[in-house]
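Please look over the sequence and the three-dimensional structure shown here, and then read the report that follows.

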Amino acid sequence: MINEGIERPKIFQRGSIEIICGPMFSGKTEELLRRLRRAQIARLKVEIFKPTIDIRYDASAVVSHDLNSIQSTPVENASSILLLGSTTQVVGIDEAQFFDDELPNVCESLANKGVRVIVAGLDMDYTGKPFGPIPKLMAIAEFVTKITAVCVRCGVPASRSYRLTENETTILLGEKGSYEPRCRVCFNLDR
Ligand code: ADP
Ligand code: MG
Ligand code: ZN
């Protein structure tokens, strides 16, 4: 055996960036929470951040549509994420599309320091355009997971979030009823 008599090396965590993206209801928050729970099981120190703008269900918990949740810290801007505890090994960021353009730099500098950064967010806004800092994050990430919801019109995988209301501002939080996941064909139907 090659390793005979040699002490096992200390486990050293390399930093990395993982993106979980897709439309509303695709299970981004579920998948983020699944990965973070597994990190907790591995006894890694986990912290979760979300933008203060996302106060849909709870001011300080990351909550998925099926109401699984883990406590999180709401922050005003991306740079505030850098104020995390010095022993934190895994950082989760939910609703990342609402953060400012500093977010890719923030994630990069955390990953360079050895932190595993897991980011969940919408890849497209309701017009089908790339959303906020997500496209840049997808470019610099080691791992990109793009997931789909179920198209509410025809049942095939849905890649897009269709807005049901007339409101023209891009930031309209995703309460049930104001958006529905749709495939490309159904997304283009009523536009
Ligand atoms: P996201 O964070 O991507 O908006 P969540 O993780 O909060 O999604 O919620 C995903 C859950 O939403 C699914 O597991 C499912 O139970 C539920 N859901 C409701 N409508 C749909 C749909 N049209 N397609 C897929 N999942 C849906
Ligand atoms: Mg979510
Ligand atoms: Zn469809």
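## Glu18 and its two arginine partners

In this predicted model, Glu18 forms a salt bridge with Arg116, in which the closest N and O atoms are 2.5 Å apart. The pair links distant parts of the chain, since Glu18 belongs to strand β1 and Arg116 to strand β7 (residues 116-122), 98 residues apart. Glu18 is buried, with a relative accessible area of 7%, whereas Arg116, at 22% relative accessibility, counts as partly exposed.

Glu18 also forms a salt bridge with Arg35, and here the closest N and O atoms are 3.0 Å apart. Because Glu18 lies in strand β1 (residues 16-22) and Arg35 in helix α1 (residues 28-41), this pair ties together parts that are 17 residues apart in sequence. Arg35 counts as buried, at 12% relative accessibility.

## A network of shared partners

Arg35 takes part in a further salt bridge, with the side chain of Glu31, at an N to O distance of 2.7 Å. Glu31 and Arg35 are 4 residues apart in helix α1, so they are separated by about one helical turn. Glu31, at 18% relative accessibility, counts as buried.

Through shared partners, salt bridges join Glu18, Glu31, Arg34, Arg35 and Arg116 into one network. A search of the whole structure finds 6 salt bridges.

## The zinc site

The zinc ion (ligand 3) has as its protein donors the SG atoms of Cys151, Cys154, Cys183 and Cys186, which lie 2.3 to 2.4 Å from the ion. The 4 donor atoms subtend angles of 102 to 118° around the zinc ion, and the arrangement is therefore tetrahedral. Along the chain, the donors follow the spacing C-x2-C-x28-C-x2-C.

Cys154 lies in the loop between β9 (149-150) and β10 (157-158), and Cys183 in the loop between β12 (179-182) and α4 (184-189), so this pair ties together parts that are 29 residues apart in sequence. With regard to exposure, Cys154 counts as partly exposed at 42% relative accessibility, while Cys183 counts as buried at 7%.

## The second largest pocket

The second largest pocket has a volume of about 190 Å³. Its lining is made up of Phe12, Gln13, Leu84, Gly85, Ser86, Thr87, Thr88, Gln89, Leu110, Lys113, Gly114 and Val115. By residue class, the lining of this pocket divides into 4 nonpolar, 7 polar and 1 charged.

Technical notes. Residues are numbered from 1 along each chain as its sequence is written. Chains are lettered from A and ligands numbered from 1 in the order in which they are written. This is a predicted model: local features need pLDDT of at least 70, side-chain atom pairs count only at pLDDT 80 or more; totals for chains, interfaces and linings use all residues. Side-chain values use heavy atoms; hydrogens and water are left out. Donors are N, O and S atoms within 2.8 Å of the metal (3.2 Å for Na, K and Ca); water is not among the atoms, so sites may look incomplete. Four donors count as tetrahedral if all angles lie between 85 and 135 degrees; four count as square planar and six as octahedral if opposite donors are over 155 degrees apart and all others between 65 and 115; anything else is irregular. Buried means under 20% relative accessible area, exposed over 50%, partly exposed in between (1.4 Å probe, protein chains only). On a 1 Å grid over the protein atoms alone, a cavity is a set of points where a 1.4 Å probe fits but cannot get out, and a pocket is an open set with protein on both sides within 12 Å along at least five of seven lines; lining residues have an atom within 4 Å of a point. Grid points are joined across faces, edges and corners, and a volume is the space filled by probe spheres set on the points. Ala, Val, Leu, Ile, Met, Phe, Trp, Tyr, Cys and Pro count as nonpolar, Asp, Glu, Lys and Arg as charged, and the others, Gly among them, as polar. A salt bridge is a side-chain nitrogen of Lys or Arg within 4 Å of a carboxyl oxygen of Asp or Glu.
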